[in-house]
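Please look over the sequence and the structure shown here before reading on. The paragraphs after them go from the overall fold to single residues.

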Amino acid sequence: MTKESDLKELMAASLLGDSIAHRSLLTVLSGYLRSYYKSKLVRAGRTAEEAEDLMQEALIVIHTQRHTYDPEQPLTPWLYAIARYKLIDHLRRTRASTASVPLENAENILASDDSVATESQFDLTRLLERLPERMRLSVQYVKLDGLSVAEAADRCGISKSAVKVNVHRGLKILAASIARETKA
């Protein structure tokens, strides 16, 4: 598995015109995207071919829009935002195709439609991007990924106390952000 820092390094080299790094980045990302889309689509009763199409569409967007990536920001939220948008677009575009499913199978398909969850995940990622990197990673590791404070501290390269403070302050900032957005 390639780490965030490795992906960022490949993207940075790609932005500087290194075609070999760019090709390597797209190769690595194609594996991640294929897996991501297959898992999401299988739950929606879709086919593997759709995952391949979505992976290709996402890679095209990553290729054509890579100039919009800010190298000072984490790469994976930017990538997953693109992947999620493509998935949501695809699900909306192909919604009519579920009408041809036999009625007895419709409940299973509708029950597994995770577009709302995908949109929620996008909103969560957007909110987390507002936090400073170490604070965001502390919240993500402890509250979203379920790691212990000690494991999160190891991954972030900071003390356990710093992780606890980051999580507390990060959640407070996120709650304030949500409150502001719901008032607007």
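What follows is a walk through the fold, its nonpolar cores, its aromatic rings and a few chosen side chains.

The model is predicted. Its secondary structure consists of nine helices and zero strands, so reading along the sequence gives the pattern α-α-α-α-α-α-α-α-α, with helices taken as DSSP runs of at least four residues. The protein has 184 residues, of which 37% count as buried. About 11,000 Å² of the protein is exposed, and carbon and sulfur atoms supply 55% of that area. Among contacts with a separation of 6 or more, 64% join residues that are 24 or more positions apart.

The interior is a good place to begin. In soluble globular proteins, nonpolar side chains tend to be buried together. Here the largest nonpolar core has 23 residues. Those with the most contacts inside this core are Leu29, Leu33, Tyr37, Ile62, Leu75 and Trp78. Four helices, α1 (4–15), α2 (19–43), α3 (48–65) and α4, each supply at least two residues of the core. Apart from this core lies another, of ten residues, which include Leu137, Val142, Leu147 and Ala152.

Three members of the larger core show how it is joined up. Leu33 touches Met55, Ala58, Leu59, Ile62 and Ala83, when residues up to four places away in sequence are not counted.

Tyr37 is placed in helix α2. Is this residue, Tyr37, buried or exposed? Tyr37 has a relative accessible area of 0%, and because buried means under 20%, Tyr37 counts as buried. Neighbours within four places in sequence aside, Tyr37 is in contact with Ala51, Leu54, Met55, Ala58, Ile82, Ala83, Lys86 and Leu87. The C-alpha atoms of Tyr37 and Glu52 are 8.1 Å apart, with their positions 15 residues apart along the chain.

Leu75 belongs to helix α4. Its relative accessible area is also given as 0%, so Leu75 is buried. Which residues does Leu75 touch, not counting those up to four places away in sequence? They are Glu4, Leu7, Lys8, Met11, Leu25 and Tyr69. From Leu75 to Glu9 the C-alpha distance is 9.7 Å, although the two are 66 residues apart in sequence.

The aromatic rings come next. Ring centres must lie within 6.5 Å to pair, and by this rule the count comes to three aromatic pairs. Tyr36 and Tyr37 form an edge-to-face pair, with 5.2 Å from centre to centre and 65° between the planes. The angle is over 60 degrees, which is why this pair counts as edge-to-face. Both Tyr36 and Tyr37 are buried. Tyr69 and Trp78 make a tilted pair, 5.5 Å centre to centre with 55° between the planes. These two residues, Tyr69 and Trp78, are buried as well. Tyr36, Tyr37 and Tyr80 form one aromatic cluster. A charged side chain also meets a ring in this model: Arg155 lies over the face of Tyr141, at 5.2 Å from the ring centre.

Three residues with hydroxyl side chains complete the picture. Thr27 is found in helix α2. Its relative accessible area is 52%, and because exposed means over 50%, Thr27 counts as exposed. The side chain of Thr27 reaches the backbone oxygen of Arg23 at 2.8 Å. Thr27 and Leu59 are 32 residues apart in sequence, and their C-alpha atoms are 9.4 Å apart in space.

Thr94 sits in the loop between α4 (75–93) and α5 (103–111). With a relative accessible area of 17%, Thr94 is buried, because the cut-off is 20%. Where does the side chain of Thr94 reach? At 2.7 Å lies the backbone oxygen of His90.

Ser177 lies in helix α9, which covers residues 160–183. At 4% relative accessibility, Ser177 counts as buried. Leaving out residues up to four places away in sequence, Ser177 touches Leu127 and Arg130.

Conventions:
Residues are numbered from 1 along each chain as its sequence is written. This is a predicted model: local features need pLDDT of at least 70, side-chain atom pairs count only at pLDDT 80 or more; totals for chains, interfaces and linings use all residues. Side-chain values use heavy atoms; hydrogens and water are left out. Rings of Phe, Tyr and Trp (its six-membered ring) pair if their centres lie within 6.5 Å; planes under 30 degrees apart count as stacked, over 60 as edge-to-face and the rest as tilted. Buried means under 20% relative accessible area, exposed over 50%, partly exposed in between (1.4 Å probe, protein chains only). A charge sits over a ring if NZ of Lys or CZ of Arg is within 6 Å of the ring centre and within 35 degrees of the ring normal. A polar contact is a pair of N or O atoms within 3.5 Å; within protein, one must be able to donate a hydrogen and the other to accept it, and residues adjacent in sequence count only if both atoms are side-chain atoms. Contact means heavy atoms within 4.5 Å. Accessible areas come from the Shrake-Rupley method with a 1.4 Å probe; for residues, only the protein chains shown count as cover. A nonpolar core is a set of buried Ala, Val, Leu, Ile, Met, Phe, Trp, Tyr and Cys residues joined through side-chain atoms within 4.5 Å.
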